[in-house]
Amino acid sequence: MKKVLALIAAVGLALTAQAAVVHTTQHGPLSTSFDAQIAVNDVIAGIIGTELPGDLGWHPANGDPLDKLPAFTDGIGIRPTGLTGLLNDFPPVGAPAKIVRYDFPTVSIAGINILTGNNGRDGRVFSTTVIRYSLDGTNFAPLGYFQSDPSGTINQGTWGSTLVSIYDDASGTLLAGVQSLIFELYAVDNTGGQMRDPFDGINPWTGVDDGLTAAFVSPLVFELDVIAVPEPAALGLLALGVLVLRRR
Ligand SMILES: [Ca+2]
Ligand SMILES: [Ca+2]
Ligand SMILES: [Ca+2]
């Protein structure tokens, strides 16, 4: 019996290994273009994250408390201040500008969305994020490195927002049994509206040198959405709803 279980576990691991974590990027012309897609009842909705050692606080211009940690999970996009979620510039090369942790009751996650943007429609609309997850609240493993656009992409007046969606291309479950996430949010730009990775030389996540000096201008992070896998009960209701619709 133990051998069978071990075999099942091994097959499960093999299947998991084949599935790939991927991300897609959408851009909108306005800073508000994706407001209707912001999740309001997601896993971390309303949770105030914990800033971890190495966190660089906020851009000096970002002075409204509601534009800081609460903004990441308040279910709305850019606020009238125009400075919502603006991270600090000039992080050390290779280091994030902000490191924030979220803890929640154990859940399976279907996807993670990162919404950034700027009324100024410049390089601050991009995002680069490393996400780590924990099944026990203590030990963390990397989910991956997610750069919204290829290095060298230039935004000068075209895009006001960026929605990065992270999911598993072979499963409705991105992460099972998770109780903590860490978001490491990096600088993205060089003041010229040009997306760059946060490294000089080889990017340790991609293995590629983008040939550009490290980004030092940080994004405005409007929202972090962590979407749970629908509960079986909800799926049942959904199926029932489909049945009812079909009968009509
Ligand atoms: Ca928000
Ligand atoms: Ca949300
Ligand atoms: Ca570089």
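The following exchange between a student and a tutor concerns a predicted model of one protein chain with bound calcium ions.

Student: How many helices and strands are there in the chain?

Tutor: From the N terminus on, the elements of this predicted chain run α-β-β-α-β-β-β-β-β-β-α. The chain holds three helices and eight strands.

Student: What share of the contacts with a separation of 6 or more is accounted for by residues 24 or more positions apart?

Tutor: The chain has 248 residues, of which 46% are buried. Among its contacts with a separation of 6 or more, residues 24 or more positions apart account for 78%.

Student: Which residues coordinate the calcium ion (ligand 2)?

Tutor: Along the chain, the donors of this ion follow the spacing A-x2-D-x180-E-x1-D. Their distances are 2.2 to 2.4 Å. The coordinating residues are A39 (O), D42 (OD), E223 (OE) and D225 (OD).

Student: How many residues apart in sequence are the parts that D42 and D225 tie together?

Tutor: Both D42 and D225 are donors to the calcium ion (ligand 2). D42 lies in the loop between strand 1 (21-28) and strand 2 (50-51), whereas D225 lies in strand 8 (residues 221-228). The pair therefore ties together parts whose separation in sequence is 183 residues.

Student: Is D225 buried or exposed?

Tutor: A residue counts as buried when its relative accessible area is under 20%. D42 has 10% and is buried. D225 has 3%, so D225 is likewise buried.

Student: Which residues coordinate the calcium ion (ligand 1)?

Tutor: The donors of this ion follow the spacing A-x2-D-x1-I-x145-F-E along the chain. Of these, F222 and E223 are both buried. At 2.2 to 2.3 Å, the coordinating residues are A71 (O), D74 (OD), I76 (O), F222 (O) and E223 (OE).

Student: Where is I78, and which residues does I78 touch beyond four places in sequence?

Tutor: I78 is located in the loop between helix 2 (69-73) and strand 3, and it is buried, with a relative accessible area of 15%. The C-alpha atoms of I78 and T32 are separated by 6.8 Å, although these residues are 46 residues apart along the chain. Not counting residues up to four places away, I78 touches S31, T32, T84, N119 and F222.

Student: With which side chain does the side chain of R79 make a polar contact?

Tutor: R79 is in the loop between helix 2 and strand 3 and counts as buried at 17% relative accessibility. Leaving aside neighbours within four places in sequence, R79 is in contact with D64, L66, D67, D74 and T84. The polar contact, at 3.2 Å, is with the side chain of D64.

Student: Why is the pair of Y102 and F183 edge-to-face?

Tutor: The model contains six aromatic pairs. In the pair of Y102 and F183, the ring centres are 6.0 Å apart. Planes over 60 degrees apart count as edge-to-face. The planes of these two rings stand at 80 degrees, so the pair is edge-to-face.

Student: How many residues apart are Y102 and F183?

Tutor: Y102 is buried at 1% relative accessible area, and F183 is buried at 0%. Y102 belongs to strand 3 (residues 98-117) and F183 to strand 7 (residues 175-185). The pair thus links distant parts of the chain, at a separation of 81 residues.

Student: Is W159 buried, exposed or partly exposed?

Tutor: F126 and W159 form an edge-to-face aromatic pair, 6.3 Å centre to centre with 80 degrees between the planes. F126 lies in the loop between strand 3 and strand 4, and W159 in the loop between strand 5 and strand 6 (161-168), so the pair ties together parts 33 residues apart in sequence. F126 counts as buried at 0% relative accessibility. W159, at 24%, counts as partly exposed.

Student: Which residue lies over the face of W58?

Tutor: The residue in question is placed at 4.0 Å from the ring centre of W58. That residue is K98.

Student: Which residue takes a positive phi in the hairpin of strand 4 and strand 5?

Tutor: Strand 4 (residues 128-134) and strand 5 (residues 140-147) pair in the antiparallel sense over seven bridges, and T128 stands opposite Q147. Five residues lie between the strands of this hairpin. The residue with a positive phi, near 80 degrees, is G137.

Terms used: Residues are numbered from 1 along each chain as its sequence is written. Chains are lettered from A and ligands numbered from 1 in the order in which they are written. This is a predicted model: local features need pLDDT of at least 70, side-chain atom pairs count only at pLDDT 80 or more; totals for chains, interfaces and linings use all residues. Side-chain values use heavy atoms; hydrogens and water are left out. Donors are N, O and S atoms within 2.8 Å of the metal (3.2 Å for Na, K and Ca); water is not among the atoms, so sites may look incomplete. Helices (H or I, at least four residues) and strands (E, at least two) are DSSP runs, numbered from the N terminus. Buried means under 20% relative accessible area, exposed over 50%, partly exposed in between (1.4 Å probe, protein chains only). Two strands pair if DSSP finds at least two bridges between them. Rings of Phe, Tyr and Trp (its six-membered ring) pair if their centres lie within 6.5 Å; planes under 30 degrees apart count as stacked, over 60 as edge-to-face and the rest as tilted. A charge sits over a ring if NZ of Lys or CZ of Arg is within 6 Å of the ring centre and within 35 degrees of the ring normal. Contact means heavy atoms within 4.5 Å. A polar contact is a pair of N or O atoms within 3.5 Å; within protein, one must be able to donate a hydrogen and the other to accept it, and residues adjacent in sequence count only if both atoms are side-chain atoms.
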